[in-house]
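Work through the exercises below with the sequence and the 3D structure at hand. Try each task before reading its solution.

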Amino acid sequence: MTNDKKLVQCEFGCGVNVYYQTVEFSDSLEIPIPREADDSIHNCPNLDRDELPDVFTPITDDQDLIDEFCQNADYLWNKEEIEKHYLDLDSYFAGIDGLEFKNYRDDFKKFLVKQLGIIPSFYSDITLYGSGDTLPGCLNDDMEAPPGYGIFPPIGLLGTFYEMDGNLPDAKKCYKIQLEMSSSPNFWSNKFEEVNVQCEMKEQEPLTKKYVEKESKKPQTDQQTENSKVEEELKKMFLEIRKFENGDFQEYISSKISRNELKEKLKKDILRYRFVIEKQTGKKQRVPYTMYDKIKTYHAKDENRKQIRKNQTDWDYLSLGEKISFLDDKIRNKEIKKLLDEINDIRNSLSHSGDYYPDAWLEVFADTRLCIKKCKDFFEFDVKSDIKRI
Ligand SMILES: [Zn+2]
């Protein structure tokens with residue numbers, strides 16, 4: 001724990017003193033967790049969804065307590081806002097699909113972290129259900145929930161998303177926190193143990209691998225030729241996706257979103273909140289970090305580094321995934337959105353390190369090429385019908 005305990009009255013007016021511990025994840029998402037003096041995670045009675053109070057200031061005759069609360073409170077909560085928080089969570093996780101794709105899950109994670117950062121409703125379960133009554137298996141293993149439904153405590157859900165990503169250290173972090181506040185410790189302690197064992201195995205993997213490699217050091221020319229052939233194919237695929245991204249896709253997206261509209265969107269799109277815990281007072285301050293801030297950060301770095309690309313526009317600073325998300329309300333065709341996400345998935349997996357299955361690429365790349373072609377055809381058709389409409 002990095003924060004020294006600076007106790008302040010709970011911002012929701014329950015009268016309990018808390019301090020904030022910020023938990024950081026490897027993808028730079030972070031959550032401030034309110035803990036009480038004994039380090040337990042604060043279960044605020046004023047955030048009990050079924051019994052929300054009418055006012056979020058301490059109900060007491062102790063004037064000192066009220067004065068202290070008012071002095072510390074940057075913000076006075078009202079019932080409607082808390083209700084809206086729960087409704088937002090409900091509606092965001094209702095009728096979802098695409099959770100098997102990492103890009104979709106990233107959006108869900110960001111949303112969840114954003115909501116919990118604002119209102120720490122760690123003790124209120126979230127119900128999610130898939131469109132068409134299906135959810136990926138690991139979200140549907142709750143025996144109490146009907147098929148297609150999943151009921152999760154928020155941090156447990158976040159951990160499950162990380163686990164689905166294969167990001168075990170972050171999943172482990174979440175499960176550990178969940179264990180602290182779970183009423184059904186068995187389920188989450190099993191989850192924690194499972195991930196923990198996997199993490200340990202992963203740590204030992206490189207050692208085993210090195211040993212095996214050493215053992216089979218005889219010349220493998222056939223294998224080497226095969227490997228370099230695969231490498232060639234991977235590079236080719238990556239370049240094709242880049243060509244699509246910088247060509248047809250860029251043209252299409254520019255025809256759909258003007259420069260000004262883009263700027264507006266960038267400023268509105270809050271990627272996450274940064275939570276600054278004031279050293280002196282222990283107060284939690286929320287600082288929004290927008291896509292526009294992110295680009296500004298890149299621009300600032302540009303001045304200090306060697307340039308290899310010229311005439312960078314705001315678009316060039318966005319990842320393919322971010323650009324795709326800008327089209328969310330522009331493309332009504334869900335199929336195309338899915339295809340774009342698939343292309344992005346492959347692009348991401350190609351640009352990251354790790355070994356590949358030697359036989360999988362042929363089929364996957366044929367699929368990816370088909371996705372690109374379908375998207376190109378759709379772009380052409382859509383732009384033409386736009387022109388017709390004018
Ligand atoms: Zn409280």
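**Exercise 1. Overview**

How many helices and how many strands does the protein have? State also what share of its residues is buried.

Solution. The model is a predicted one. Step one is to count the elements: there are 12 helices and eight strands. Step two is burial: of the 390 residues in the protein, 22% are buried. Step three concerns contacts: among those with a separation of 6 or more, 60% are between residues 24 or more positions apart.

**Exercise 2. The sheet of β1, β2 and β3**

Give the strand order of the open sheet that contains β1, β2 and β3, and find which strands stand at its edges.

Solution. Strands of a sheet pair through backbone hydrogen bonds, in a parallel or an antiparallel way. Here the three strands follow the order β1-β2-β3, and the pairing is antiparallel. β1 (8-9) and β3 each have a single partner strand, so they are the edges, and one side of each has no neighbour in the sheet. Next, look at one pair: seven bridges connect β2 and β3. Within that pair, V18 is opposite E36 in β3.

**Exercise 3. Two positive phi values**

Locate S28 and D39, and decide for each whether the residue is buried or exposed.

Solution. Start with S28, which lies in the loop between β2 (17-24) and β3 (30-36). Its phi is near 75°, a positive value in a residue other than glycine. A residue counts as exposed if 12 or fewer other C-beta atoms lie within 10 Å of its own. S28 has 10 such atoms within 10 Å, so S28 is exposed.

Now take D39, in the loop between β3 and α1 (63-72). Phi of D39 is also positive, near 75°, and D39 is not a glycine. D39 has 11 C-beta neighbours inside 10 Å and therefore counts as exposed.

**Exercise 4. The sheet of β4, β5 and β6**

Describe the order and twist of the sheet that holds β4, β5 and β6, then sort the side chains of β6 by face.

Solution. The open sheet has three strands in the order β4-β5-β6, with mixed pairing. β4 (94-96) and β6 (149-152) have a single partner strand each, so they stand at the edges and one side of each is left without a neighbour in the sheet. From one strand to the next, the twist averages 35°.

For the pair of β5 (residues 126-130) and β6, there are four bridges and the strands run antiparallel. Y129 is found opposite Y149 in β6.

In a regular strand the side chains alternate between the two faces of the sheet. Along β6, G150 and F152 point to one face and are buried. Y149 and I151 point to the other face and are not buried.

**Exercise 5. The hairpin of β7 and β8**

How many bridges join β7 to β8, and which residue of their hairpin takes a positive phi near 80°?

Solution. Seven bridges link β7 (residues 270-277) with β8 (residues 284-290), and these strands run antiparallel. Y273 faces P288 in β8 as its opposite residue. The hairpin has six residues between the strands, and the positive phi near 80° belongs to G282.

**Exercise 6. A helix pair**

At what angle do α3 and α11 pack, and which residues make the contact?

Solution. Two packed helices are described by the angle between their axes and the distance between the axes. For α3 (residues 102-118) and α11 (residues 334-351), the angle is about 95° and the axes are 9 Å apart. Angles of 65 to 115 degrees count as roughly perpendicular, and α3 and α11 are therefore roughly perpendicular to each other. K102, N103 and Y104 of α3 meet D341, N344 and D345 of α11. By class, the residues of this contact are one nonpolar, two polar and three charged.

**Exercise 7. The surroundings of L168**

Is L168 buried or exposed, and which residues is L168 in contact with beyond its neighbours within four places in sequence?

Solution. L168 belongs to helix α5 (residues 168-181). L168 has 20 C-beta neighbours inside 10 Å and so counts as buried. Leaving aside neighbours within four places in sequence, its contacts are E163, V195, Q198, C199 and K202. For C199, the separation from L168 is 31 residues in sequence, and 6.4 Å in space from C-alpha to C-alpha.

Definitions and conventions. Residues numbered from 1 in each chain as written. Predicted model: local features only at pLDDT ≥ 70, side-chain atom pairs only at ≥ 80, totals over all residues. Axes fitted to C-alpha atoms, helices over the stretch in contact; angles between N-to-C directions. Helix = DSSP H or I, 4+ residues; strand = E, 2+ residues; numbered from the N terminus. Parallel < 35°, antiparallel > 145°, perpendicular 65-115°, else oblique. Contact = placed C-beta atoms within 7 Å. Nonpolar A, V, L, I, M, F, W, Y, C, P; charged D, E, K, R; others polar. Pairing = 2+ DSSP bridges.
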